[in-house]
Amino acid sequence: MCGAAIYFYRGIRFIRMIHTGPAGYPEGSRSPADAVRKVRAAGLDALEVQFVRNVQYNQGKAEEARAEAEENGVLLSAHAPYYINLNSPSPETRAKSEDWILRAMRGAEAFGAWIVVVHAAAYGEDARHCSERVMASLKKVREAADGESLKAVIGLETMGRKAAWGTVPEILEAMEEVPGVLPVVDFAHLQARGPPLNPEGLRALLGSLSQVPRLHCHLSGIEFTAAGERKHLRLGEGLDHLMVLDALRETGLEATVICESTSPMEDAQIIRRRLSQVI
Ligand SMILES: [Zn+2]
């Protein structure tokens with residue numbers, strides 16, 4: 001724990017920094033370093049590098065972005081490819097999935113990104129052994145990463161489809177079992193999977209995460225069906241983002257909120273404004 005997020009100065013209640021910024025480079029970015037500058041110029045201080053389709057980057061440009069981020073106080077994270085499935089019935093697909101995580105971690109190392117967000121698995125035909133398989137794979141990845149001195153934390157995202165592995169209890173179990181693993185709380189996904197979020201539920205959820213040293217979060221609007229997540233929307237659609245942000249800062253957790261809405265820069269600025277308001 002890095003201290004409370006709420007503190008008093010001269011009798012006024014202030015909020016300690018919760019980092020916030022977009023998923024993906026702002027439109028018109030000429031390079032990763034330029035993306036970091038644009039994030040900073042917009043009054044934001046976090047950026048999630050997207051390796052979601054492929055882990056592709058130029059080492060020199062990544063290092064340039066890393067230096068720019070360090071100088072500007074922009075916290076970088078990375079998102080691993082979407083097609084990872086550590087519970088695939090095919091050993092080949094599982095091995096490839098492990099390799100995708102490792103490759104994303106190498107990318108994270110180049111950028112100085114502290115966490116790699118992973119969609120770990122689908123239950124498929126074998127839901128019962130899903131957690132075991134996920135944890136066995138994560139242990140392998142962690143060992144290989146440590147062997148290469150890759151520092152990034154593996155972040156397991158709470159998933160929005162009911163067919164996907166990744167409830168909070170499942171992720172907390174993996175965090176206990178595997179070193180260097182933390183939860184990534186996607187509030188829109190929690191809302192989609194149900195039950196719908198409310199202040200009491202949020203307080204209980206965030207209370208269960210109080211041991212997490214730095215809580216990485218995703219926030220957006222959301223459209224969903226009985227099967228869970230359908231698609232991400234603008235902030236405020238399908239989820240009361242103000243309720244989420246207020247609950248988050250009340251906890252005093254050190255946190256980052258990455259905006260994954262359909263307008264990540266504009267909506268991240270809305271998040272920033274809410275987090276900066278005195279409550
Ligand atoms: Zn994700």
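Select helix H4 (residues 130-147) and helix H5 (residues 168-177) in this predicted model. The two pack at an angle of about 40°, and their axes are 10 Å apart. H4 passes H5 in a right-handed crossing. To see the contact, show Ser131, Val134, Met135 and Leu138 on the H4 side, and Glu170, Glu173, Ala174 and Glu177 on the H5 side. Coloured by class, this contact of H4 with H5 gives 4 nonpolar, 1 polar and 3 charged residues. The spacing within such lists has a simple background: an α-helix has 3.6 residues a turn, so residues three or four places apart point the same way.

Keep H4 and add H3. H3 and H4 also pack at an angle of about 40°, with 10 Å between their axes. An angle between 35 and 65 degrees falls in the oblique class, and H3 and H4 are therefore oblique to each other. The crossing of H3 past H4 is right-handed. On H3, select Arg94, Ser97, Glu98, Ile101, Leu102 and Met105; on H4, they meet Ser137, Lys140, Val141, Ala144 and Ala145. By class, the contact of H3 with H4 comprises 6 nonpolar, 2 polar and 3 charged residues.

Next, the core. Which residues have the most contacts inside the largest nonpolar core? They are Ile101, Ala104 and Val116, in a core of 81 residues. Helix H3 (residues 91-111) supplies the largest share of this core, 7 residues. In soluble globular proteins, nonpolar side chains tend to be buried together. Centre the view on Val116 and leave aside residues up to four places away in sequence: Val116 then touches Ala78, Ala80, Ile101, Ala104, Met105, Ala108, Ala152, Ile154 and Gly155. Ile101 and Met105 were also part of the H3 side of the contact with H4.

Move to the loop between strand E6 (115-118) and H4, and pick Asp126. Is Asp126 buried or partly exposed? It counts as partly exposed because it has 14 C-beta neighbours inside 10 Å, and the buried class begins at 20. Measure from the C-alpha atom of Asp126 to that of Pro89: the separation is 8.2 Å, for residues 37 apart along the chain. Leaving out residues up to four places away in sequence, Asp126 touches Asn87 and Pro89.

Follow the chain past H4 into the loop that leads to strand E7 (153-157), and select Ser149. Its phi is near 55°, a positive value in a residue other than glycine. Ser149 is exposed, with 7 other C-beta atoms within 10 Å; the cut-off for that class is 12 or fewer.

Now go to helix H1 (residues 32-41), where Arg40 sits. Arg40 is partly exposed, having 18 other C-beta atoms within 10 Å. The C-alpha atoms of Arg40 and Asn72 are separated by 6.9 Å, although the two residues are 32 apart along the chain. Outside its sequence neighbourhood of up to four places, Arg40 touches Asn72 and Val74. For the buried residues of H1, select Pro32, Ala33, Ala35, Val36, Arg37 and Val39. Show their surroundings as well: these buried residues pack against strand E3 (19-22), strand E4 (46-50) and helix H2 (59-72). Just after H1, check the backbone of Gly43, which takes a positive phi of about 80°.

Jump to the loop between helix H6 (187-193) and H7, and select Pro195. What is the peptide bond from Gly194 to Pro195? It is cis, with omega near -5°.

The last stop is the pair that H7 makes with H8. Helix H7 (residues 199-208) packs against helix H8 (residues 241-251) at an angle of about 40°, with the axes 10 Å apart. That makes H7 oblique to H8. The crossing of H7 and H8 is right-handed. Show Pro199, Leu202, Arg203 and Leu206 from H7, then Met243, Val244, Ala247, Leu248 and Thr251 from H8, to display the contact. By class, the contact of H7 with H8 has 7 nonpolar, 1 polar and 1 charged residues. Arg203 belongs to the H7 side and Thr251 to the H8 side.

Note on methods:
Residues are numbered from 1 along each chain as its sequence is written. This is a predicted model: local features need pLDDT of at least 70, side-chain atom pairs count only at pLDDT 80 or more; totals for chains, interfaces and linings use all residues. Axes are lines fitted to C-alpha atoms, for helices over the stretch in contact, and angles run from 0 to 180 degrees between N-to-C directions. Helices (H or I, at least four residues) and strands (E, at least two) are DSSP runs, numbered from the N terminus. Angles under 35 degrees count as roughly parallel, over 145 as roughly antiparallel, 65 to 115 as roughly perpendicular and the rest as oblique. A crossing is left-handed if the near helix is turned anticlockwise from the far one by less than a right angle, and right-handed if clockwise. Two residues are in contact if their C-beta atoms, placed from the backbone, lie within 7 Å. Ala, Val, Leu, Ile, Met, Phe, Trp, Tyr, Cys and Pro count as nonpolar, Asp, Glu, Lys and Arg as charged, and the others, Gly among them, as polar. A nonpolar core is a set of buried Ala, Val, Leu, Ile, Met, Phe, Trp, Tyr and Cys residues joined through C-beta atoms within 7 Å.
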